[in-house]
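User: Please explain how the terms applied to this structure follow from their definitions. I should like each value to be set against its cut-off.

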Amino acid sequence: MKIVIIGDGKVGYKLARQLSAEDYDVTMIDSNAKKLRLAIDRLDISCVPGDGADAEVQKQADVPHADLVIACTSADECNMLSCLIARKLGARHTIARVRNPIYFNQIGLLKEELHLSMAVNPELIMADEIGRILLFPDASKVETFVKGRVELLEFPVTENSRFIGLTLARLYREYQIKILICAVEHGDEVIIPDGDYQIREGDRLHVTASHKEIESFFKLYGKHRDKIRKVIICGGGRVAYYLSKKLCALGMQIKIIEREESRCEELCELLPKATIICGDATDHDLLIEEGIEDANAFIALTGMDEENIILSLFAKSQGPGKIVAKVNEDRRARLVEEFGIDSIVSAKTVTADAILSYIRARKNSQRSANIETMYQLVDGQVEALEFIIKSETEYTGIPLKNLNLKSNNLIACIARRRQIIIPNGDDCIEPGDSVIVVTMDRRIEDITDILM
């Protein structure tokens with residue numbers, strides 16, 4: 001599969017690294033020749049310097065024979081124009097990153113006119129992710145499958161947890177909760193556990209279950225936080241706008257602190273139910289004055305990773321509320337997790353996940369199961385994939401205990417019509433099911449790939 005990426009920014013580079021590692025034929029276009037040289041040195045890709053909206057540059061990158069062109073520069077207009085030109089030259093599919101709310105609100109019309117296969121709005125995807133985290137404040141990360149009916153959550157095992165020392169088999173047997181612990185992270189160790197795994201303090205558990213069962217699990221866990229009602233957001237950018245709009249609709253009290261006076265005026269018009277404070281969020285006295293101690297959640301969404309980290313650490317010292325920080329740089333994100341910050345979100349990660357999910361779905365569209373959703377967990381070491389089973393095949397109708405799975409693979413959940421099944425060995429996969437697979441093999445394209 002030949003893929004051309006226009007834009008060597010954070011998203012473009014992350015996509016190129018992931019796709020080249022999976023043996024896709026990747027070519028990158030960017031006007032910054034220095035950045036391209038660094039990409040060539042580090043990745044197994046081809047590079048073409050120049051403007052991605054220039055038809056001649058696209059021809060040099062062999063766009064006319066490309067299966068997919070991904071335009072992810074910082075300019076929406078350039079991305080949309082690049083995709084239009086790519087389609088005119090013969091590219092089979094195009095994806096554009098579109099961030100401006102005005103453009104995205106009319107994306108249905110634009111997709112039709114520009115022949116876009118997909119449009120991705122990183123800020124909207126990130127706002128959705130933060131919104132899910134706030135609905136499950138005990139979790140540090142929440143992903144959804146089967147159109148929101150199944151959650152996959154990450155949460156830490158803290159000191160004095162009643163689960164410490166229990167094997168997973170004993171946990172399931174004694175508490176009768178319909179959940180599945182499908183991945184465990186402990187320090188640098190990452191495993192997909194079996195029933196003999198013994199839970200330890202410091203583990204980060206990745207749990208899948210229906211919404212109802214997840215709530216029951218956290219009540220049983222004994223560290224159930226109150227529902228979030230008061231939220232302070234630092235930074236008034238697009239993520240803050242999308243997030244506040246969503247949270248206000250849920251009846252939460254939202255307070256946004258933004259230093260740009262003109263942006264504050266815009267937000268006052270766009271978000272009449274939110275309180276907009278014009279000020280510097282790094283001013284600790286201002287945060288205390290605005291009630292950081294009483295807030296149920298604190299969200300750091302400024303444009304600087306370092307600022308978000310410092311704000312989050314200060315918020316952690318002020319109260320027990322839920323803390324979420326936007327940190328785009330991978331190395332900084334790993335550092336922040338060691339500081340005990342609840343949740344880290346990254347625009348480039350959520351964007352790359354959405355695009356990679358589409359690419360996998362296109363690649364395996366002729367096979368027995370389509371990839372509907374895909375998320376990367378534990379810094380890309382584990383993947384969770386949702387397959388839609390299209391027809392009968394060699395693994396349908398057979399009890400899971402009789403399917404010989406490769407190591408480090410797990411069938412975590414089956415959704416059948418209105419039923420959510422946390423499977424045991426007697427359950428079977430049937431045509432029409434949504435099946436969630438958790439794997440440490442990043443080359444899985446079909447369920448047959450996890451079978452011996």
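Analyst: Buried means under 20% relative accessible area, exposed means over 50%, and partly exposed covers what lies in between. The model is a predicted one.

User: What makes glutamate 266 count as buried, exposed or partly exposed?

Analyst: Glutamate 266 has a relative accessible area of 41%. Buried requires under 20% and exposed over 50%, so glutamate 266 is partly exposed.

User: Why is the contact of arginine 263 with glutamate 266 called a salt bridge?

Analyst: The definition asks for a side-chain nitrogen of Lys or Arg within 4 Å of a carboxyl oxygen of Asp or Glu. The closest N and O atoms of arginine 263 and glutamate 266 are 2.9 Å apart, so the pair forms a salt bridge. Both residues lie in helix α11, 3 residues apart, which means a separation of about one helical turn. Arginine 263, at 18% relative accessibility, counts as buried.

User: How do you know that aspartate 280 and arginine 259 meet in a salt bridge, and what does the pair tie together?

Analyst: Their N to O distance is 2.9 Å, and the cut-off is within 4 Å. Aspartate 280 lies in the loop between β14 (275-278) and α12, and arginine 259 in the loop between β13 (253-258) and α11 (261-270), so the salt bridge ties together parts that are 21 residues apart in sequence. Aspartate 280 has 32% relative accessibility and therefore counts as partly exposed. Arginine 259, at 45%, is likewise partly exposed.

User: Which parts of the chain does the salt bridge between aspartate 433 and arginine 416 link, and are these residues buried or exposed?

Analyst: The side chains of aspartate 433 and arginine 416 meet at 2.8 Å, N to O. The pair links distant parts of the chain, 17 residues apart: aspartate 433 is in the loop between β21 (419-421) and β22 (434-439), and arginine 416 is in strand β20 (residues 409-416). Aspartate 433 has a relative accessible area of 1% and is therefore buried. Arginine 416 stands at 17%, so it also counts as buried.

User: What covers the buried residues of α13?

Analyst: Helix α13 spans residues 305-318, and its buried residues include Ile309, Leu311 and Phe314. Among the elements that cover the buried residues of α13 are β12 (230-234), β16 (322-326) and α14 (330-338).

User: How many salt bridges does the structure hold?

Analyst: The structure holds 19 salt bridges.

Technical notes:
Residues numbered from 1 in each chain as written. Predicted model: local features only at pLDDT ≥ 70, side-chain atom pairs only at ≥ 80, totals over all residues. Heavy atoms only, no water. Helix = DSSP H or I, 4+ residues; strand = E, 2+ residues; numbered from the N terminus. Expected span 1.5 Å × (residues − 1). Buried < 20%, exposed > 50% of the residue type's maximum accessible area, 1.4 Å probe, protein only. Contact = heavy atoms within 4.5 Å.
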